[in-house]
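User: Please take a close look at one hairpin in this structure. Then work outward to the other backbone and packing features worth checking.

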Amino acid sequence: MGGSFESGAGDDPNDLFANDDTDEEATEEADTQLEQADETEAEEQDTAAAVSGESEATAASTGPASEDDASSKSGSVVMLDIESPAELDAARLAREFVPDTYEKPHAWALGRDGVNDGRAEKKTFFLQSSVLDLEATCSQEVNEILDGDVPLTDLRELALILAYHQPELLAEAAREWGAESA
Amino acid sequence: MNGCTERLAMQAYTVYNQSGGQGKTTVARDLAAAHAEVGQRVLLIDMDAQNGSLSNYLGVDDNKRNPEADDLTFHLVEQGQGEFSDLIRTAEPNVDVLPSHKRLNRVDEFLDSHENYIGQTKPDDWEYPRYERLLTVLKENGVPSEYDVVIVDPNAKADTVYYMALYATRNVVIPAVPTRSGYESIDGVADSAQGFAENQDINIGRTAVIPTMVDTRKGDHKDYARKLRDEYDAPVYFKSLSAFESAEEQYVSVFRLFSEHRSRIRKSEQNILPKYRTLVATICATFGNPLPEEAWDGEELFTGDDFWGDVQIPLAGADVADDAVDQTVGVN
């Protein structure tokens, strides 16, 4: 018997657990072989001990949001064709906003190395929890439609891209919050 | 526990891949819940002393860094500070966990001194049965009569802990992501298991290979997932879905996530539980204890899809189920 690693079931644990005698025989037979195993083990154990220290204090910390970010960008290089809501072509916009650095033939989400590929900017938002709820609901709906699992990072960026092409709607909404008089 | 003779034979396996990030802990957690769903009593043994391990996933790792706490390491070297059963925590119905402790990182030191200590009274040619220690502890503490299934989750490393787990369970379930490295990791597992099996003169079974985190929109994922299916008889595959992370977030299995934390299940997630059921059916059949069809009480099993093709579920025939199960006890 013995000495195999194959598809299917190995030794029946019930035999192992039930019968002490078999175990002791096996031990004696394996004694000499164990010695070799211990030697190879020893090397690995050294590294095991070295690696075992924890590195827990590495949680990513995001800085506070900079209020200047938005204003400093205004009037700078980013100029877009603004279209009326009726003309909004989500697919084209999404294509346009695939990072320039991405060169593979597959659709971006399929070919990139990770979700943050090409996303160099990190921003902190102040949001109401009700907006996060809205985001969760929307995410669920999008995933239902696609029967997929759209990363939140993608969903958020797409939401921004689409919304930022709707200045008239945004203006109307901002007016409601009192933007004109501010 | 009494009534041992009426029970199914105990099943044991180690969920392992020496490559990290293959979904090992998630698979162990949810397989336990899947066994529990059909009424099997499961003991999950967390032998991964790193952060984010099984006992953390199930919210029972509060003693992990407590230097005063008793743990499995102490029991492995006959220095238990209390009852073995006091180490065990119930995470979900029918799912008990033996949590890990940081001490397990130094298990070799403990085993070395145990060897030195008991070696004093042994003949010169005595060899310390290092890799048998886990099996011995489980046996001494009645685990086989308390549980139907024992699942060990070691860390992703071919070290003493892993070999103890292999020695005790003799079976390995291998999760792998469908990439070149994930595919090749199976060979790595085979190498270490084969070497250990020969060394110890034991038989280790490759119970199942399970493609995890499959993205069916990716061509290479599809190719490698199918390769895992064709070459290793992978019974099911799991997609990369946020439900697994949500379960982690809630410290529950994905079974409990759906039953208690979700008002409805997304279309993309509807196959998760059926896949685990089919997987459990396959594992039990591999061990010679096929489950009867009525084990699921009408719950859905995964019978295949367009991507994966048809899946045969090895169940015990409905009318002969009880006999078939009884006869397999102790066989093999």
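Analyst: Start with the hairpin of S3(B) and S4(B). It has 2 residues between its strands, and B:Asn94 takes a positive phi near 70° there. The model is predicted, so local features are listed for pLDDT of at least 70. Most residues other than glycine have a negative phi.

Now the strands themselves. S3 of chain B covers residues 89-92, S4 covers residues 95-98, and the two run antiparallel. They are joined by 3 bridges. One pairing involves B:Glu92, whose bridge partner in S4(B) is B:Val95.

The hairpin also leads inward. B:Leu98, a residue of S4(B) by its range of 95-98, is touched by B:Ile45. Leaving aside residues up to four places away in sequence, B:Ile45 also touches B:Leu72, B:Leu138, B:Val150, B:Ile151, B:Val152 and B:Asp153.

B:Ile45 matters to the packing picture in another count. The largest nonpolar core has 55 residues, and B:Ile45, B:Met47, B:Leu72 and B:Phe84 touch the most other members. Helix H7 of chain B, residues 160-169, supplies the largest share of this core, with 8 residues. Another core lies apart from it. That one has 54 residues, including B:Ala28, B:Ala34, B:Ala208 and B:Val236.

Back to the backbone. B:Asn94 is joined by further cases of positive phi. B:Met213 is not a glycine, yet its phi is about 55°. Its place is the loop between strand S7 (203-211) and helix H9 (219-232) of chain B. B:Met213 counts as partly exposed because its relative accessible area is 34%, and that class runs between 20% and 50%.

B:Asp297 has a positive phi near 55°, again in a residue other than glycine. It sits in the loop between H12 and strand S8 (304-305) of chain B. With a relative accessible area of 71%, B:Asp297 is exposed, since the cut-off is over 50%.

B:Tyr251 follows helix H10(B) directly and takes a positive phi of about 60°. The helix spans residues 242-250, and its buried residues are B:Ser242, B:Ala243, B:Phe244 and B:Ala247. Their cover includes three chain B helices: H1 (24-37), H11 (254-261) and H12 (272-286). H12 also borders the loop that holds B:Asp297.

Last, the surface of chain A. A nonpolar patch of about 630 Å² is made there by A:Phe125, A:Leu127, A:Val131, A:Leu132, A:Leu160, A:Tyr164 and A:Leu170. A:Leu127 lies in the loop between helix H5 (108-111) and helix H6 (129-146). It is partly exposed, at 49% relative accessible area. A:Leu127 can therefore belong to the patch, as 49% passes the requirement of over 30%.

Definitions and conventions. Residues are numbered from 1 along each chain as its sequence is written. Chains are lettered from A and ligands numbered from 1 in the order in which they are written. This is a predicted model: local features need pLDDT of at least 70, side-chain atom pairs count only at pLDDT 80 or more; totals for chains, interfaces and linings use all residues. Side-chain values use heavy atoms; hydrogens and water are left out. Patches are made of residues with over 30% relative accessible area and no salt bridge: like charges are joined within 9 Å, nonpolar side chains (Val, Leu, Ile, Met, Phe, Trp, Tyr) within 5 Å. Accessible areas come from the Shrake-Rupley method with a 1.4 Å probe; for residues, only the protein chains shown count as cover. A salt bridge is a side-chain nitrogen of Lys or Arg within 4 Å of a carboxyl oxygen of Asp or Glu. Helices (H or I, at least four residues) and strands (E, at least two) are DSSP runs, numbered from the N terminus. Buried means under 20% relative accessible area, exposed over 50%, partly exposed in between (1.4 Å probe, protein chains only). A nonpolar core is a set of buried Ala, Val, Leu, Ile, Met, Phe, Trp, Tyr and Cys residues joined through side-chain atoms within 4.5 Å. Contact means heavy atoms within 4.5 Å. Two strands pair if DSSP finds at least two bridges between them.
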